[in-house]
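Dear colleague,

Please find below the structure that I am handing over to you. My findings follow directly after it.

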Amino acid sequence: MNIIYIVFAPIPIHYANYLNIQNFKKNGFDVHICDVSSFFYSEEQTKAYFSTTAQFYKPSFEKVTFIKNFEQLSNYLNNFDNSNSIIYYTGRSFYKRYKENKIFELIYSYKYKIILSEFATEFFPISFLEKLKFKIFLLRNKILFRKYNNLYFIGSGKNIENISKKIFNQTLKYFSVPHPNYIWSQNANDANVTVYVEESLDGAPDNNTRKAVGGKFKGQTLGRTDFLDDSSINSKIFYENLNDFFLKFENKFKTKILIAASGKFVYHENPFKSRDIKYGDTINLINKSKYVIGHSSMALWQSIISKKKLILLVDDHLSLYKKLEIKNLSKKINSKIFYLSKNNQIKSNYINDLENNYSQEINFFLNSSKYKKNFQEIMLDVINMIIKDR
């Protein structure tokens with residue numbers, strides 16, 4: 001059985017891991033990567049994506065084919081028997097991330113069985129304008145998807161399930177899975193350690209691509225960094241404020257702060273006053289810690305799953321876009337925000353004690369699955385259903 005992943009952008013290691021691109025080979029499947037990113041990204045953008053990352057952040061794949069035009073895509077699809085091949089389509093879910101209608105139409109016309117997925121938590125309108133846009137979004141996608149039958153869909157959280165049922169017709173086969181980014185088993189003993197979830201503010205891969213695109217938010221050009229006006233001065237002031245906060249936090253709560261970095265950005269000079277930086281193990285570090293500090297990273301949901309004490313930080317020297325991300329996360333999890341720029345004293349009531357029951361938020365955004373299975377097991381269930389449906 002062939003599994004053909006259609007990929008639309010450079011793929012970091014964590015995304016490759018939870019899509020099981022590498023693991024399915026171990027299960028006896030013949031895995032192929034059909035890379036159509038050149039339709040959407042220039043060579044400059046692709047090069048910029050991994051330019052500041054750790055080496056492990058870029059996965060190594062076998063059987064990768066780079067497609068540059070529709071003729072090449074058509075020839076590629078002709079190489080496979082659609083009765084013995086499944087498409088895992090990473091681009092089209094609820095988002096219209098790319099203008100890829102023609103790509104999807106071409107693949108669909110070959111009568112492959114197609115698996116879609118969505119694990120996002122962004123679908124949560126807050127303001128009146130966002131709610132209005134969301135209604136339009138649902139209506140538009142419902143119209144776009146109405147002609148497609150017999151699609152398979154893997155999603156996380158009740159929110160995604162609800163939206164999928166509004167958008168797709170009744171022939172959609174939906175599978176719910178615990179979000180594959182996280183550890184769902186509880187840790188027995190917490191160490192007296194505080195984890196700061198670093199977010200590559202100095203230049204994440206997505207930021208580098210954004211810079212090449214020339215994107216804007218509320219009139220402000222989105223820069224290579226997450227600092228206001230892409231300014232090194234703002235960066236310097238932010239780290240001064242952050243390290244001052246760290247020192248106060250460590251003294252008040254008698255704890256040691258560890259920097260958990262994803263590897264999206266590698267620090268050649270340590271901006272955290274020589275505190276230890278650990279790359280590529282953020283979720284595990286959160287699961288074993290007592291306190292968690294961060295801004296808006298998706299990794300912070302592990303704090304809620306693991307019932308940690310969490311504090312969110314914002315600073316006037318961060319970009320408008322970044323500050324909005326932090327605000328939106330705080331509303332999703334009903335969390336207070338500590339403002340570094342105000343140099344306030346740290347009070348215990350700024351810290352969200354997640355010992356309480358947050359199952360409603362977790363089920364809504366991350367895990368409404370009734371199954372005690374991980375993503376790979378659910379994916380195998382979907383494949384077995386596809387084989388049975390033929």
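The notes below begin with the chain as a whole and then turn to two residues of one helix.

Please bear in mind that this is a predicted model.

**The chain as a whole**

The protein chain contains 13 helices and 16 strands. Its radius of gyration is 22 Å, close to the 21 Å that the globule rule gives for 390 residues, so the chain is as compact as a globular protein of that length. Along the principal axes, the C-alpha atoms occupy a box of roughly 65 × 45 × 45 Å.

Of the 390 residues, 52% are buried. Among contacts with a separation of 6 or more, 74% are between residues 24 or more positions apart. The exposed area of the protein chain is about 19000 Å², and carbon and sulfur atoms supply 50% of that area. The chain carries 56 positive and 36 negative charges, and the mean positions of these two sets lie 6 Å apart.

**N159 in helix 6**

Helix 6 spans residues 157-167, and N159 is located in it. Is N159 buried or exposed? Its relative accessible area is 8%, which is under the 20% cut-off, so N159 counts as buried.

Which residues does N159 touch, once those up to four places away in sequence are set aside? They are F123, F364 and F365. With F123 there is also a polar approach: a polar atom of the N159 side chain lies 2.8 Å from the backbone oxygen of F123.

**E161 in helix 6**

E161 also belongs to helix 6. The relative accessible area of E161 is 14%; this value too is under 20%, and E161 is therefore classed as buried.

Within the chain, the side chain of E161 forms a polar contact of 3.1 Å with the side chain of K165. Apart from neighbours within four places in sequence, E161 is in contact with Y174 and S368. A further distance concerns F175, which is 14 residues from E161 along the chain: the C-alpha atoms of E161 and F175 are separated by 8.7 Å.

**In brief**

For your own inspection of helix 6, the two residues to look at are N159 and E161. The side chain of N159 approaches the backbone oxygen of F123, whereas the side chain of E161 has its polar contact with the side chain of K165. Contacts beyond the sequence neighbours include F364 and F365 for N159, and S368 for E161.

With kind regards

How values were computed
Residues are numbered from 1 along each chain as its sequence is written. This is a predicted model: local features need pLDDT of at least 70, side-chain atom pairs count only at pLDDT 80 or more; totals for chains, interfaces and linings use all residues. Side-chain values use heavy atoms; hydrogens and water are left out. Helices (H or I, at least four residues) and strands (E, at least two) are DSSP runs, numbered from the N terminus. The radius of gyration is taken over C-alpha atoms; the globule rule is 2.2 Å times the number of residues to the power 0.38. Buried means under 20% relative accessible area, exposed over 50%, partly exposed in between (1.4 Å probe, protein chains only). Contact means heavy atoms within 4.5 Å. Accessible areas come from the Shrake-Rupley method with a 1.4 Å probe; for residues, only the protein chains shown count as cover. Lys and Arg count as positive and Asp and Glu as negative; His and the chain ends are not counted. The place of a charge is taken as NZ of Lys, CZ of Arg, CG of Asp or CD of Glu. A polar contact is a pair of N or O atoms within 3.5 Å; within protein, one must be able to donate a hydrogen and the other to accept it, and residues adjacent in sequence count only if both atoms are side-chain atoms.
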